[in-house]
Amino acid sequence: MGLHLDFGFYNWDLVSNFVLKGLYFSLMLTVVATIGGILFGTLLALMRLSGKKWLEVPATIYVNGMRSIPLVMVILWFFLLMPALIGKPIGAELSAYITFIAFEAAYFSEIMRAGIQSIARGQVNAGQALGMTYGQNMRLVVLPQAFRNMLPVLLTQTIILFQDTSLVYAIGAYDMLKGFEVAGKNYGRPIEAYLAAAVAYFVLCFALSWLVKRLHKKIAIIR
């Protein structure tokens, strides 16, 4: 028996009723996890570069530990274990936000650490010569340049993060993939729904990747 695909059931009402709600959550999760991950990741990077063992060691253990565990496992562990620890459920969406920030911080930390280390030592010394403290030097001299240098890499990691938001299906959160899945079940077309979801993810990620490449070229010209 051949495979007969029919995408005729797709219309704006289906998209607005099922897909857009999931897309909104996927985008919000991406934005929140990116902002939180960069902030927390920058802190971890500064701890690892501080030269103080009591800061460097725990940050290194955290980063290496998180990077060694699949994201879906972290999502499941937090979602299942946290209610047992605090005595009440925290919900799939809140669990996803916290988990993604905690997990992505480890990856953003390595990106920021590389960015900070790419800044010429002479600029750091110049800041110290002006009487800046370590914190002032990092905030006013090093971090702004590191962010600019690492911006294409940060955005690439954000695209990967958006793709990873589909993993929240494991805890029942309503993301874009879930929206397509529900639509497919309601209309009896699960195969078409998953194919449409794949196309949607491809189009969004391809467009974002193209923009990142354009940005990378502009930054290279500025340098």
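These are my notebook entries on a predicted model of one protein.

**Entry 1: overall layout**

I started with the secondary structure. I count eight helices and zero strands in the protein. Going along the sequence, the pattern reads α-α-α-α-α-α-α-α. Next I looked up the dimensions: the C-alpha trace spans about 75 × 50 × 30 Å along its principal axes.

How much of the protein is buried? Of the 223 residues, 40% are. I then checked how far apart in sequence the contacting residues are. Taking contacts in the protein with a separation of 6 or more, I find that 77% involve residues 24 or more positions apart.

**Entry 2: surface and charge**

The exposed area comes to about 12600 Å². Carbon and sulfur atoms supply 69% of that area. For charges, I have 18 positive and 10 negative in the protein. I compared the mean positions of the two sets, and they lie 16 Å apart.

**Entry 3: aromatic pairs**

I looked for aromatic pairs and got six in the structure. I opened up the one made by F202 and F206: the ring centres are 5.6 Å apart and the planes meet at 25°, which is under the 30 degrees cut-off, so I put this pair down as stacked.

Where does the pair sit? Both phenylalanines belong to helix α8, which covers residues 190-222. F202 and F206 are four residues apart there, so about one helical turn separates them. Buried or exposed, I wondered about F202 and F206? Both came out exposed.

**Entry 4: K21 and its ring**

On to helix α1, residues 12-49, where I found K21. Which ring does the charged end of K21 sit over? It is the ring of Y174, with the charged end 4.6 Å from the ring centre. I also looked up the exposure of K21: its relative accessibility is 52%, and the cut-off for exposed is over 50%, so K21 counts as exposed.

I noted one more distance for this lysine. K21 and M176 are 155 residues apart along the chain, yet their C-alpha atoms are separated by 7.3 Å.

**Entry 5: L39, also in α1**

I stayed in helix α1 for L39. Why do I list this leucine as exposed? Its relative accessible area is 60%, and anything over 50% goes in that class. I then took the C-alpha distance from L39 to A105 and got 7.7 Å, for two residues that are 66 positions apart along the chain.

**Entry 6: R113 in α4**

Helix α4 runs over residues 92-117, and R113 is in it. What does R113 touch, once residues up to four places away in sequence are set aside? I get A45, R48 and L49. I also took the distance from R113 to G91: the two are 22 residues apart in sequence and 33 Å apart in space, C-alpha to C-alpha.

**Entry 7: W77 in α3**

Last stop was W77, in helix α3, which takes in residues 71-86. Its relative accessibility is 43%, so I have W77 down as partly exposed. Leaving out neighbours within four places in sequence, I see W77 in contact with I69 and M82.

W77 and T99 are also 22 residues apart along the chain, and here the C-alpha atoms are separated by 9.5 Å. I wrote that next to the R113 and G91 entry, with its 33 Å for a sequence separation of 22 residues.

Definitions and conventions
Residues numbered from 1 in each chain as written. Predicted model: local features only at pLDDT ≥ 70, side-chain atom pairs only at ≥ 80, totals over all residues. Heavy atoms only, no water. Helix = DSSP H or I, 4+ residues; strand = E, 2+ residues; numbered from the N terminus. Buried < 20%, exposed > 50% of the residue type's maximum accessible area, 1.4 Å probe, protein only. Contact = heavy atoms within 4.5 Å. Areas by Shrake-Rupley, 256 points an atom, 1.4 Å probe, with all protein chains shown as cover. Lys, Arg positive; Asp, Glu negative; His and termini not counted. Charge placed at Lys NZ, Arg CZ, Asp CG, Glu CD. Phe/Tyr/Trp six-rings, centres within 6.5 Å; stacked < 30°, edge-to-face > 60°. Lys NZ or Arg CZ within 6 Å of the ring centre and 35° of its normal.
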